[in-house]
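Have the coordinates ready. We will walk through a few charged pairs, then turn to one helix.

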Amino acid sequence: MKLRKIVVTLALTSMLLANVTAGEIKAKESRANSTASESVSSETEKSEESSLEDEKNKKGIDVNEYIGESAFIGSSIGIGQRMYFNRQGKGFLGNPTMLVVGCYSFYNDTRPSGQITYTAPDGTEVTDMAKNLIKLSGVKRVFVNMGTNDIYMGAKKTSEKYKEYLKGIREENPEVVIFVESMTYATKSTYENEKKYFSDASIDEYNSIMEQYCAENKDMYYIDVTSQMKDAEGGLAAKYCSDGYVHISFEGYRVWTDKLVSYVEKLINTENKAKEAVDKYLRKGTEGYYRWAAKKVDLLKDSTVKDALLAKLEGKHLEITVSSAQKAFERYSQTGLEEDYQEALKLIALVSDKELFEEYRCQLAHEHLNKIGQKVLEIRNR
């Protein structure tokens, strides 16, 4: 009877092992619920959050450096922005490159009337298309405000032109980060006197399309810098308008700049927290710190920064989990204890590389069957 019971156990174990893949993959996808022996408590994670926040406050967020390594692209509204920046004093926002020209549009971007003059640090002047000047200036980021001189075509057609324009920038500058600033509104009287396409509704539709486009593209961000300048009746509020038309007053540029800086601060802060969390995991190497860092990285939009952090995080995690799985497997091979088998199962489930996961799973299943077989033989030979 004893032998029959062992044989039945062996058969049931074989069935269990045949289904282990689905169970272990599910466990792997639910790492947040893992109770790996090496973990940190939620209280520890909160403590780390607090210490990182304190460290951030000590270091400060260098918005000036971030924006100073950027170029601003725009039309006459961009010229007004340049005047506002200059009015704030030397070095404001890191003294970014201003690639602006009056009446700039997607239509004349390739024509002489749309060529922009860039003055290099050595005083050399170059007149060319914006995408070429971005490369020449060597900036890391661009803030683009375009479409006011094109919206007469309607929101959909203008947004298609914008997408083509941004693709041109990306082709010539593959590593640059692009910020699309929302199109500014015009006064209500302007809407009443202009063509039907130049309206509050068409600008809202245009901005919505571009916001979605940015969400779908890597290293591209949308900033709403203009909706807070609308009045109750729709259109650009009088105090934010300089000419009763579409151009912005200095008070409007102040609101615009505050929103832009706030957005950049939040972005830098989110990226810094993710970097700090990944660095902490690289030092600590526990599963709890891995889950915590993964959450921080997941908050980032698709970007080069996110890719780099993920590569560091997953590379180290694979190294650690493979090492842990190997040790657990060796320990079970030596002891044959059920608790060591369960621990090996748990740690193998954390291996993110599919091929390695399958390899270790099969090795463990084979070893487990061998152990059971040995026990059967021992009982039979008694």
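Is Glu69 buried or partly exposed? Glu69 has a relative accessible area of 25%, and that makes it partly exposed. Keep in mind that this is a predicted model.

Glu69 has a charged partner. Its side chain meets that of Arg141 in a salt bridge, with 3.1 Å from N to O. Look at where the two sit. Arg141 belongs to strand S5 (residues 141–145). Glu69 sits in the loop between helix H4 (63–68) and strand S1 (70–74). The two are 72 residues apart in sequence, so their salt bridge ties together distant parts of the chain. Arg141 comes out at 12% relative accessibility. The cut-off for buried is under 20%, so Arg141 counts as buried. This contact therefore pairs a buried Arg141 with a partly exposed Glu69.

How many salt bridges are there in total? The count is 14.

Two further pairs sit within helices. Begin with helix H7 (residues 155–172), which holds both Lys163 and Glu160. They are three residues apart, about one turn of the helix. Their side chains form a salt bridge at 3.3 Å, N to O. Why does such a spacing suit a pair? An α-helix has 3.6 residues a turn, so residues three or four places apart point the same way. The accessibilities of the partners can be set side by side. Lys163 is buried at 17%. Glu160 is partly exposed at 41%.

Helix H12 (residues 304–335) holds the next pair, Glu319 and Lys316. Again the spacing is three residues, about one turn. The salt bridge here is 3.6 Å, N to O. Lys316 has 23% relative accessibility and counts as partly exposed. Elsewhere, salt bridges with shared partners link Glu69, Lys140 and Arg141 into one network.

Now turn to helix H11 (residues 287–298). What span should its twelve residues cover? At 1.5 Å a residue, the expected value is 16 Å. The end C-alpha atoms of H11 are 16 Å apart, which agrees.

How many of the twelve residues of H11 are buried? Nine are, so the helix is largely enclosed by the rest of the structure. Among these buried residues are the aromatic side chains of Tyr289, Tyr290 and Trp292. Glu287, Arg291 and Lys296 are also buried. Gly288, Ala293 and Val297 complete the list.

Note on methods: Residues are numbered from 1 along each chain as its sequence is written. This is a predicted model: local features need pLDDT of at least 70, side-chain atom pairs count only at pLDDT 80 or more; totals for chains, interfaces and linings use all residues. Side-chain values use heavy atoms; hydrogens and water are left out. A salt bridge is a side-chain nitrogen of Lys or Arg within 4 Å of a carboxyl oxygen of Asp or Glu. Helices (H or I, at least four residues) and strands (E, at least two) are DSSP runs, numbered from the N terminus. Buried means under 20% relative accessible area, exposed over 50%, partly exposed in between (1.4 Å probe, protein chains only). The expected span of a helix is 1.5 Å times one less than its number of residues.
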